[in-house]
Each structure stands twice: as structure tokens, then as C-alpha cells.
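Dear colleague,

I am passing on the structure we spoke about, and my notes on it follow below. Please read them with the model open beside you.

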Amino acid sequence: MSRDVSSSDPRCVEVALPVPLFRTFTYRVPPTMAWPIEPGTRVVVPFRNRAEIGICLGPSEPPAGVTIKSIQAVVDDAPSLPQPLIETARWIADWYAAPLGLTLRSMLPTALTQAATPRPTQKTTRVVRLTQDLPSLLQREQLFARAKQQRVVYELLEAQGGEAPIEALRTQANCSAGVITAMVKRELVEVVDVAQARDPFVNREGVTPPPNPSAAQREVIAAILAGEPGHMFLLHGITGSGKTLVYIEVLRAVLREPKRTAIVLVPEIALTSQTVDRFRGAFGDDVAVLHSGLSDGERLDAWQSLRRGERRIAVGARSALFAPLENVGVVIVDEEHEGSYKQSETPRYHAREAAIVRARAEGALVVLGSATPSLESWERTERGQATRLTLPDRAGGAQLPPVQVVDMRVVTKAALAQRAPNMPYDETLGVLSPPLLAAIESRLERGEQSLLLLNRRGYSAFLQCHACGDVPVCPHCSISLTYHRLPEALICHYCQHQESVPRACGQCGADAMKRRGLGTQQVERLVGERFPEARIARMDVDTTSGKWAHTQILDRVGRGEVDILLGTQMIAKGLDFPNVTLVGVVDADTGLNLPDFRASERTFQLLSQVAGRAGRGPKGGDVLVQTRIPDAHAVRHALRHDYVGFVHEELGHRRQPTYPPFVALANVVLSGTDQRATAEAAQAAFDWLRQLIQKRGLRDLVLVGPAPCPIDRIKDRWRWHFLLKTAQPRLMSRVARYVAERCPVPTHSALRLIVDRDPVSLL
Ligand code: ADP
Ligand code: ZN
């Protein structure tokens, strides 16, 4: 296979391979193959006794005195990765200290990285589907009076949007096939084989044409279109201000030029199906929707249609940034503040930042949009790196809803004072205050809809023994297990470990296990008991495991089949339902006390975004926020819809000690299976870096730590970390790469070091 290269033969290329190494490789191109090979072309090469698919980066000088192996095959007729994408990959690799080969691989659909010429496969799944509408709690009692197991199955299905694969359902419900057969006989459900789950983004009917832009929108659109190639805009438009229409009109204008293309990033496709519908409504088959529900084959199809120029607009989450389009004229990042834009595995890139880099390489306009821009983007406009555009009013004459705060300390004290002697006080009041109950009731009477937000899934936060105080924790993670009621189990939200619910305390044996803290399942039960006639739907990770569960639940809300939609942060984003006239935040405080410098920013964003779901139609709306810390600045400013006020106060908190956006931050995490070895390795890595910094005189670099991570064990791995801070981004790139590549980490105890630059979470 390997041959010596005669020094007169210049036909060598640099190839990036999908291996965790910070270098590229040189291969020889045999005379039988066409020359030159364009950068971005996939090639098959021998590597460590196997054939690997790599990306050709261009011609390379053969290193002297080394044996060089030959390329086995050139796979693509045309490069799989256009030049601007290779530039983007180089930037990602450099900025986030990631191996270039792994970065390039993450840009391609899986099918193209596993086989030279992939063949998509199709298979069918057997699914169970509800045939009837949501019954109220009252009807339900009658329907399942003597069929408990059927009820479990029914409610599991309902919670998953009405449809689920039969195997998964039986496991969840722990029931025999007979239960489902009986339900089919009663015509409660049907069982069908589907070739592949229905893609909600294909052939959606009833999409209304977009309205004409208002004067304010037209002004913003004109400003964007007047931007020089590569210019960046931050569109700060309040919730309901009609940002989507701005995006659509900008796309329309840019795409008027033949062969121009565009990329639209949205945080999570399943949660933004309404927005995606609007793009499809405006541009039809020109849009390729890239979402996580696609099979490898479907993803390949979408990728190829973009590569061939059959579709000109890529809409999708993070990875749509890598759409193989050429001649990109505009890149839009909707909800640019969203943490889900950060990739949590190597390469740990932030899609917003990488999108900006790609746009620059393409000479494309960049539009970042949000009602609650990230502090990073806001700071950019202050420094003149981006132009700020504002839509201060809601479209179509709608008003921002008034927000009323309910101080739960006062509610609890009143309930305690009013209870009859020797009676426990009404627990429901600590969850659903009288003003919130009254507000929900009035919506039910008027046939309007309510959203209830609680950002904690499960039934209770945890179990605790009242006799000894013990709390069952996950055997693999340092985190308490969450109590789930349907099906009943203790579940770890980090590693999905499950166990049955103990009757007695594992520590002291007392029969005094009590549920503490509040989860969405419990709110669902309490609301159901209070309003037995109401049609309630719950949306959280547990109810949306099915492929299209989100869309199905939201479609039901849109058709008016749901009176109360209850859920975690999933319901806070992007929803535009004019008949929602009430938003209730059950507990505003769930995220405020996390040990993370972004806790306030996240809480402000969440409260502002969910408040923005109310009052989008002519009926107006109200927001009720229940809290025990009404003075927290995140809560205070959210109540007044005061983004600018919040930003100014929060930026003040980021100066001392300094945090982004005033410094670049990297989180170096060491993990391993042995507690002591992990702590020692973290200390050793820290000392190694501190010495290096002293030796090189890098005074602008600050090291903080080392310390155990706030969650100091996940999936059986102990975790320690330390922080790197510097005001010089370039210095951070150099040091981060140096640490990732050179930091000595012992090879025992499965020790591993990762460098997470610009982390979105420090937990
Ligand atoms: P945002 O994304 O800024 O929160 P949306 O783009 O969802 O807001 O728009 C909110 C609502 O206003 C949508 O129902 C949209 O159809 C409507 N809308 C947008 N622009 C106009 C306009 N110029 N005239 C009337 N309605 C509009
Ligand atoms: Zn766990």
C-alpha cells in the first residue's frame, strides 16, 4: 500500500481525518487519479490499518524523508464542503480548541461520514394512536372506572401528543399486549404501521400568507438590506413585534437575485414549528427544514437538495449553519440568546458565533434577532461591531400584557392564618394562589386558553425521609432523584437512571418518605382536581419523547382543543396563539439560585419570553408571576418588560468579579471514575498551567480554581473544574488549544480533560 514518494512528484494533499488529534496528514495522489483535488472533497485513505473517510484540504509539500501512503479513492465529483465552510471549520477548531478533522466531520450528514456512497434505508414502525379527543377528568373517571391499566396507557399516549410506538408504550406502561387489544376493541385507540413518521414540515396546509409589513417593520427591513456584505445587525424586537415577517421580507429581497441562498437558524425545530411553517408558507419548496427528527437518509436527501441548488433556504437548529449552500446572501439567527445554540460535545461551538464567521466568509448579511438579546450581542452593538435595530411595539396594534406579581410568602402566611384549628393548611394554595385560580377560572368561563409555566418536570423535586432527612440520590450522579408519578418511579434527570419508589427510608428504615418540591406532573394533578372539566395538556421532556409529539400538542392548542397548556420552558418559546389570554408562572424562582453567573439572565429571559405568549390577539391578556423573591432584579425588570433596565443592572454585576461579556471565559473540566484521582489530576493540571503562565509572563490571563463542579458527579464520573479568564480573545485561543493538546493527564481512572470555551453552563 505505502510507497516512497520521489521528490520530483509534487502530487500530495493535506487531509483532515476524523480523529481526536490536532494535526492533519499528507497523502500521495496516484497518477491514475485526476489532479488537482479540490479542497472540501471527500477522499478514502489508509489510516492505522483501516480505511477512513477524510476531507482534502488542498495540495501539500511532501515532508522529507517520510514514507507517505496513497489515497485509495476520491469520493466526490464536487467538493462536499464549499470553501467558506472550510474556513468556518478552521475558525471553530481554532477558537474552541477542537481537532479540525472532528470539526469537519460534524459539518457533514452522518451518512456521508460513514460510507462513501450511502444508501438510505426505510423501515416501518407500528404505532398506537388515540382516536378520540381529550376527555375531561370527569369523563375519564367514568371511562376507566374498571380499567386502571387502560387509563395509564391512555394518559401516556395523551401526554405524548396522541401517538407512540407500540413497543415503547408497552415498556412505559409495563402492560401486556392484551390491554392495548382491549382498547382497540373499545375504539379508544387504533394500531397502524407507518412507513415513517409523518414529517410535520412537509405539505402543511392552511398556512396563511404573511401580512404586509408595518411602517416600523419596513424601516428595519430597509436598514438591513442597505448593509454592506458581511454586516451584522441585532434586531431587538419585543415579543410579538413581528420579527418573523422582517426575516421573511429580508429573505425575499436577497433571494430575488438568482442563485443567492440563505440560512435561518432557530433554537429547537420542534418548539418553533409555527415559525418554520411561516417560512414554508412564504417560500414553499425552496425551504429545506433540517431537524433532529430526520432519519440519516432523510437528512442526506435534504443535504443533497441544498448542495445541488434545488432548495435555496436552509432552516434548522445548530447544524443548519453547515448547510452546503453556495453564494449565501443572508444568515438569520432567531432567538439568538438561546443556550441551545451551544454544542455540548466536541467541537463545542456556539452556532451564533460560528454563523457570524460563516457569513463573513460568504460576504452575507447577518441578522441576530431576539426580544431578550444575549449580553454578548448587546455589548457588540455598544462597541459598534453590530448595528442595533429596534421594534419597540407589537405588530397589528396588540399590547404587551400587564404583569402582576403574586408574593407567595404573603399567600402562604394568609393560608396558615386562616386554616381551622388542628387542620393542615390547603397545600394547593402554596402552588396555585387564589389570584391565579381565579384567573384560570375566568378563562375557562370565557372559552379562552391559559399557559402555565413551571420549569421543573416530574411530580416532585425529590423524596425525603421526615425521620432522618435522607434524600435518595442517583447512584451515578450527585443529584437527587426526581419523583415521577406516571409511571411511578424515581428518575435521575442527568443519566436517566430509574428505580422503584421505596416505601421505607433506605437509611433509617422509617416509614416516613415524603415528596418535596414541585414538578409539572403535580401541577397537572392539582389543576385537574380544581377544574375537572378542563382539557389539560402537559408539555415537557417526558411527554415529548415521540418524534412529532411537540407539534401534535401544539396543533391541538391551535385548534382550540386544549384549555390549559402546562409545561416547562418548552412552552415559553415562539408560540403565537391569539386565544391565549393568560400566562401563569407557577414558580419564578426555580432557576434563580443556581450557582451559575447566567442564572439571572436566564430567569429574566424565561420570564420575558413566557410573558410574551399572552395577549397576542385582540382579546388582550394577563400575566401572573408567583414568586418568593419579588425583589430579585431578574424578576423586577421582567415584570415591567424592561429589557434595557435589566441589561444595565446585569452588566454591572458582570464587572466584579469579571464575567462575559467583559472577558473571554473557558471552563476546563477534569473527570474520572476515581474521586481522589480526579481531584489530584485537576490540581496537577491547574499547577501545570499556572507555572506555564508565570514562565511566559502571561499576566492578562487569570486562573480561578480548581474546585469540584457544582454537580460533582455525573454518570459515575467525578468532576472538577477551573476557569480561565482573559480580556484578550486571541490569547484565550492559544492557551485553550495548548491546554487541550498538551496538558498532561494521567491515563488511569479513565481521566479526561475537556476545554469548554464560552460555556453556557458552569454546572
Ligand atoms: P415575534 O417573533 O417578534 O415575537 P411574530 O413574528 O410571531 O413576533 O409575530 C407576532 C404576530 O404578529 C404574528 O401572528 C404575525 O402574523 C403578526 N404580524 C406580524 N407583522 C404584522 C403586521 N405587519 N400586521 C399584522 N400582523 C402582523
Ligand atoms: Zn444519574
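**Domains and the ligand site**

The protein chain is divided into six parts, namely domain 1 (2-112), domain 2 (124-195), domain 3 (215-397), domain 4 (403-457 + 518-655), domain 5 (461-516) and domain 6 (664-757). Please bear in mind that this is a predicted model. As for the arrangement of these parts, the C-alpha centres of domain 3 and domain 5 lie 43 Å apart.

Most of my notes concern ligand 1, and the space that ligand 1 takes up is the second largest pocket. There are 17 residues around ligand 1, and of these Gln217, Gly240, Lys243, Thr244 and Asp576 come nearest. Sorted by class, the shell around the ligand is made up of five nonpolar, eight polar and four charged residues, and helix α9 (residues 243-255) gives the most to this shell, with three residues.

Turning to the polar contacts, a polar side-chain atom of Lys243 lies 2.8 Å from an oxygen atom of ligand 1, while a polar backbone atom of Gly242 is 3.1 Å from an oxygen atom of the ligand. On the nitrogen side, a nitrogen atom of ligand 1 has a backbone N or O atom of Ser214 at 3.4 Å. With regard to cover, ligand 1 on its own has 570 Å² of accessible area, of which the protein covers 77%.

With best regards

Conventions: Residues are numbered from 1 along each chain as its sequence is written. Chains are lettered from A and ligands numbered from 1 in the order in which they are written. This is a predicted model: local features need pLDDT of at least 70, side-chain atom pairs count only at pLDDT 80 or more; totals for chains, interfaces and linings use all residues. Side-chain values use heavy atoms; hydrogens and water are left out. A residue is near a molecule or strand if one of its heavy atoms lies within 4 Å of it. A polar contact is a pair of N or O atoms within 3.5 Å; within protein, one must be able to donate a hydrogen and the other to accept it, and residues adjacent in sequence count only if both atoms are side-chain atoms. Accessible areas come from the Shrake-Rupley method with a 1.4 Å probe; for residues, only the protein chains shown count as cover. On a 1 Å grid over the protein atoms alone, a cavity is a set of points where a 1.4 Å probe fits but cannot get out, and a pocket is an open set with protein on both sides within 12 Å along at least five of seven lines; lining residues have an atom within 4 Å of a point. A molecule sits in a cavity or pocket if more than half of its atoms lie within 2 Å of its grid points. Helices (H or I, at least four residues) and strands (E, at least two) are DSSP runs, numbered from the N terminus. Ala, Val, Leu, Ile, Met, Phe, Trp, Tyr, Cys and Pro count as nonpolar, Asp, Glu, Lys and Arg as charged, and the others, Gly among them, as polar. Domain bounds come from an automatic or database domain assignment.
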